[in-house]
Amino acid sequence: MTVWWSRGYGGYYLPAGSHEVKPDGIDLLKQMGVLFKAASFKEIRVAGHADKASGKDHSDGYFEKLALSKARATQTVHVLQEKWSGFAELYH
């Protein structure tokens, strides 16, 4: 399963331009961990995102957004690893 979660309206879970997960986002990820465990998923993939950027646009803005997307995915993995003990078994 691939999980995609938005930064939320107004940066509720992830502030605009930041990879740091807010406390409400951490709570949401904890709840997602409970759901993942109950659903008996075989695999979980985490993907980050940033504001829209064109794949044809190879400007610095594109690469900055790509870096932010990767940082958000990495931070989400760290939070899930810290808050949900079963995550490591499913993350690939």
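Select Gly33 to start: this residue is buried, with a relative accessible area of 2%. The model on screen is a predicted one. Gly33 has its place in helix H1. Now add Gln81 to the selection and draw a distance between the two C-alpha atoms. Gly33 and Gln81 are 48 residues apart in sequence, and their C-alpha atoms lie 9.8 Å apart in space.

**The whole chain**

Zoom out and colour by secondary structure. The chain has three helices and two strands. Starting at the N terminus, the order of the elements is β-α-β-α-α. Next, switch on the surface. The chain exposes about 6,100 Å², and 55% of that area is supplied by carbon and sulfur atoms. Of its 92 residues, 34% count as buried. For the contacts, take pairs of residues at least 6 apart in sequence: 60% of these contacts join residues at least 24 apart.

**Helix H1**

Select residues 23-39, which make up helix H1. This helix has 17 residues. From the first C-alpha of H1 to the last, the helix reaches 25 Å, close to the 24 Å expected at 1.5 Å a residue.

Which residues of H1 are buried? Show Gly25, Leu29, Met32, Gly33 and Phe36 as sticks; these are the buried ones. Turn the view to look down the axis of H1: the buried residues fall within an arc of 110°, so they line one face of the helix. Then give another colour to Pro23, Gln31, Val34, Leu35, Lys37 and Ala38, which are exposed on the other side of H1.

Step past the end of the helix. H1 is followed by Ser40, and the phi of Ser40 is positive, near 55°.

**The nonpolar core**

Keep Leu29 on display and add Ile44, Val46, Leu80, Trp84 and Phe87. The largest nonpolar core has 13 residues, and these six, Leu29 included, touch the most other members. Helices H1 and H2 each supply at least two residues of this core. Which helix gives the most to the core? Helix H2 does, with four residues. To see H2 itself, select residues 60-83.

**Ser69**

Stay on helix H2 and select Ser69, which lies in it. Is Ser69 buried or exposed? Ser69 has a relative accessible area of 15%, so it counts as buried, the cut-off being under 20%. Show its neighbours as well. Leaving aside residues up to four places away in sequence, Ser69 touches Gly48, His49 and Ala50.

**The salt bridge**

Last, select Glu82 and Lys83. How many salt bridges does the structure hold? It holds one, and Lys83 forms it with Glu82. Draw a distance between the closest N and O atoms of this pair, which are 3.3 Å apart. With the surface switched on again, compare the two partners. Glu82 is exposed, with a relative accessible area of 62%, whereas Lys83 is partly exposed, with a relative accessible area of 39%.

How values were computed: Residues numbered from 1 in each chain as written. Predicted model: local features only at pLDDT ≥ 70, side-chain atom pairs only at ≥ 80, totals over all residues. Heavy atoms only, no water. Expected span 1.5 Å × (residues − 1). Buried < 20%, exposed > 50% of the residue type's maximum accessible area, 1.4 Å probe, protein only. Arc of directions from axis to C-beta. Salt bridge = Lys/Arg side-chain N within 4 Å of Asp/Glu carboxyl O. Core = buried A, V, L, I, M, F, W, Y, C linked by side-chain atoms within 4.5 Å. Contact = heavy atoms within 4.5 Å. Areas by Shrake-Rupley, 256 points an atom, 1.4 Å probe, with all protein chains shown as cover.
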